[in-house]
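Welcome, and thanks for taking a look. Here is a short briefing to read alongside the sequence and the 3D view.

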Amino acid sequence: MLGLCETSSASRSAQAPLPVRETYAALPGVRIWYGDTGGNGVPVVLIHAATGSSQVWENQLPAFTAAGYRVVAYDRRGFGRSVIDPAGVQPGTGADDLLALVDQLGIDRFHLIGTAAGGGIALDFALSFPQRLRSLVVANAVGGVQDEDYLELGQRIRPAPRFDALPPDFRELGPSYRAANPGGTQRWLELEHTSRPQGSPPPAQTTRNRITFALLEEIKVPTLLLTGDADLYAPPAVLRLFAARIKNSESVVVPEAGHSTYWERPEIFNRTVLEFIRKH
């Protein structure tokens, strides 16, 4: 959960813990709930998965603020505490919501980190507004690619409807984590259960671009591609497909991690991502 985060960077080491400002941003058709650590650090924006909200980044906020960054985490439209305005245009795109949010916060260029479904939004944003990004991190993401052979590949590794009927923790947490960390598994499930407002789910957002592997070749933003070796959605073989198309990219496979590397192996995730964004 977003809360108080200690910052240990040289410029803030003598200061009290940095409070996270949590509030709403009124955007077209939605009030987006977000947390912002503020400060003068380079901005980092976090986009959550479809099984979470901004609360899932509880292992990242302290590490990234301690490294001196200004961190923004928000609840995507239809998730968490964000509130849809039915009188507004729906469903919009995740990339446009993100652009409106960073514009309202006065953020020009920033590092963008998206996990799972959030990674697809991050790719769409990078294709649409590359001038706004310092770097791009796409973790454990299927990526929203629409090539027919890729969609067929997805059916082979995640056959519907059997795969979708599995419990979310089985689908998205690796077996090593579930075996060794029952408390963390329960906490992940609690956040997953509260990630969607009550009532009928809103229509799924579209993308600004029809994402294909050929289109991904246009991404020039420095990119880190990351997945877990036990990810049932985006195993290492899928990551390699993206790495072959995004030329200015680095790839990391995290051992003993499933589809939620940020949660299952936060020490590796944080170290890897921080080392990457420091270069850009």
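In which strand is V83 found? V83 belongs to strand 7. Please keep in mind that this is a predicted model. The points below start from V83 and then turn to two buried charged residues, a helix and a pair of strands.

**V83 and its surroundings**
- V83 counts as partly exposed, because its relative accessibility is 36% and that class lies between the cut-offs of 20% and 50%.
- Setting aside neighbours within four places in sequence, V83 makes contact with Y24, V30 and R31.
- The C-alpha atoms of V83 and G29 are 8.9 Å apart, while 54 residues separate the two along the chain.

**Two buried charges without a salt bridge**
- R76 sits in the loop that links strand 6 (70-74) with strand 7 (83-84).
- R76 is buried but forms no salt bridge, and D97, the nearest side chain of opposite charge, is 8.1 Å away. For a salt bridge, the side-chain nitrogen would have to be within 4 Å of a carboxyl oxygen.
- If residues up to four places away in sequence are left out, R76 touches I32, I47, H48, A49, A50, S82, A117, G118 and I121.
- E192, found in helix 7 (residues 182-193), is likewise buried with no salt bridge.
- For E192, the nearest side chain of opposite charge is R171, at 6.1 Å.
- Not counting residues up to four places away in sequence, E192 touches T51 and P168.

**Helix 4 and its two sides**
- Which residues of helix 4 (residues 148-157) are buried? They are Y150, L153 and G154.
- These buried residues lie on the same side of helix 4 because they cover an arc of only 100 degrees around the axis.
- As a general point, an α-helix has 3.6 residues a turn, so residues three or four places apart point the same way.
- E148, D149 and R156 are exposed on the other side of helix 4.
- The packing partners of the buried residues of helix 4 are helix 8 (213-216) and helix 9.

**Strands 10 and 11**
- Strand 10 (residues 223-228) and strand 11 (residues 249-254) run parallel and are joined by 6 bridges.
- Between these two strands the chain passes through helix 9 (residues 236-245), in a β-α-β crossover that is right-handed.
- One of the pairings takes L225 to S251, its bridge partner in strand 11.
- Helix 9 thus appears twice in this briefing: in the crossover from strand 10 to strand 11, and as a packing partner for the buried residues of helix 4.

Technical notes:
Residues are numbered from 1 along each chain as its sequence is written. This is a predicted model: local features need pLDDT of at least 70, side-chain atom pairs count only at pLDDT 80 or more; totals for chains, interfaces and linings use all residues. Side-chain values use heavy atoms; hydrogens and water are left out. Helices (H or I, at least four residues) and strands (E, at least two) are DSSP runs, numbered from the N terminus. Buried means under 20% relative accessible area, exposed over 50%, partly exposed in between (1.4 Å probe, protein chains only). Lys and Arg count as positive and Asp and Glu as negative; His and the chain ends are not counted. Contact means heavy atoms within 4.5 Å. Two strands pair if DSSP finds at least two bridges between them. A crossover is right-handed if, with the strands pointing away from the viewer, the path from the first strand over the helix to the second runs clockwise. The arc is that of the directions from the helix axis to the C-beta atoms.
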